[in-house]
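Open the model in your viewer and keep the selection tool at hand. This tour goes stop by stop, from the whole chain down to single side chains.

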Amino acid sequence: MESYQKQGLAPGKHSIYANDIAISATLDPAQVAIVLDTDPPISEPLTFVLEHATRADADQSHTLKAFAPNTYPLTDTLINTLVGQKWYVRLRPAENPTWELQGISDVRHQKNAKAIPLTLHE
């Protein structure tokens, strides 16, 4: 039975602690992009995971490609998916994931989607 709240990394995944890497990101529907804050900038493909708050059958995983260093555009389909729902968001490198950012997107009761910070989790 799945637990009510999804937490942690899948078995076999290693976590990176905040003092080992300096990276953060913002999921910004206004810019229609995920913008990373890291030095040096990265352009490698990222895995963008959406886990629905109450419906596991709605969970999704997408590969994002950089438009520019540290900037990953979101498709209209992804933006429409985010609006009106609560999602647990995970972002990590598509290959050799040595870090993972997490956040919660909850724009169910907002007229305008706001930027959502994604933070590094152990």
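**Stop 1: the whole chain**

Colour the chain by secondary structure and follow it from the N terminus: the elements run β-β-β-β-β-α-β-β-β. That comes to one helix and eight strands. Keep in mind that this is a predicted model.

Now show the surface. The accessible surface of the protein chain is about 7600 Å². Carbon and sulfur atoms hold 50% of that surface. Of the 122 residues, 35% are buried. How much of the contact list joins residues 24 or more positions apart? Among contacts with a separation of 6 or more, such pairs account for 56%.

**Stop 2: the nonpolar core**

Hide the surface. Select Ile34, Leu36, Phe48, Leu64, Leu74 and Leu91, and show their side chains. These residues have the most contacts inside the largest nonpolar core, which has 20 residues. Which elements give two or more residues to this core? They are strand E1 (23-28), strand E2 (33-38), strand E3 (46-52), helix H1 (76-82) and E6.

Stay with Phe48. Set aside its neighbours within four places in sequence, and look at what else it touches. Its contacts include Leu27, Ile34, Leu64, Leu74, Leu78, Val89 and Leu91. Gln60, Ser61, His62 and Arg90 are also in contact with Phe48.

**Stop 3: Thr47, next door in the sequence**

Select Thr47 in strand E3. Is Thr47 buried or exposed? Thr47 counts as buried because its relative accessible area is 12%, and buried means under 20%. Beyond its neighbours within four places in sequence, Thr47 is in contact with Ser61 and His62. Thr47 also touches Arg90, Leu91, Arg92, Pro93 and Ala94.

Draw a distance line between the C-alpha atoms of Thr47 and Ser61. They are separated by 6.8 Å. Along the chain these two residues are 14 residues apart.

**Stop 4: strand E6 and its partners**

Select E6, residues 86-93. How many of its eight residues are buried? Seven are, and the strand is mostly covered.

Add E3 to the selection. E3 and E6 pair in the antiparallel sense over seven bridges. For one place to look, find Leu46, which stands opposite Pro93 in E6.

Then add E7, residues 101-106. E6 and E7 also pair in the antiparallel sense, over six bridges. Here Leu91 stands opposite Leu101 in E7. Leu91 is a residue you have already met, as one of those with the most contacts inside the largest core.

While the strands are on screen, a general point helps. In a regular strand the side chains alternate between the two faces of the sheet.

**Stop 5: Glu100 and its arginines**

Move to the loop between E6 and E7 and select Glu100. At 7% relative accessibility, Glu100 counts as buried. What does its side chain meet?

Start with Arg90. The side chains of Glu100 and Arg90 form a salt bridge at 2.7 Å, N to O. This pair links distant parts of the chain: Glu100 sits in the loop, Arg90 in strand E6, 10 residues apart. Arg90 is buried, as is Glu100.

Go on to Arg92. Its side chain meets Glu100 in a salt bridge of 2.5 Å, N to O. Arg92 counts as buried, because its relative accessibility is 17% and the limit for buried is under 20%.

Add Glu51 to the view. Salt bridges that share partners join Glu51, Arg90, Arg92 and Glu100 into one network. Then show Gln102, whose side chain makes a polar contact of 2.9 Å with the side chain of Glu100.

**Stop 6: a salt bridge elsewhere**

How many salt bridges does the structure hold? There are four. For the last stop, select Asp57 and Arg55. Their side chains meet in a salt bridge at 3.7 Å, N to O.

Compare the cover of the two partners. Asp57 counts as exposed because its relative accessibility is 66%, and exposed means over 50%. Arg55 is partly exposed, with a relative accessible area of 41%. Turn back to Glu100 to end the tour: that residue is buried, at 7% relative accessibility.

Key: Residues numbered from 1 in each chain as written. Predicted model: local features only at pLDDT ≥ 70, side-chain atom pairs only at ≥ 80, totals over all residues. Heavy atoms only, no water. Buried < 20%, exposed > 50% of the residue type's maximum accessible area, 1.4 Å probe, protein only. Helix = DSSP H or I, 4+ residues; strand = E, 2+ residues; numbered from the N terminus. Contact = heavy atoms within 4.5 Å. Areas by Shrake-Rupley, 256 points an atom, 1.4 Å probe, with all protein chains shown as cover. Polar contact = N/O pair within 3.5 Å; in protein donor to acceptor, adjacent residues only side chain to side chain. Core = buried A, V, L, I, M, F, W, Y, C linked by side-chain atoms within 4.5 Å. Pairing = 2+ DSSP bridges.
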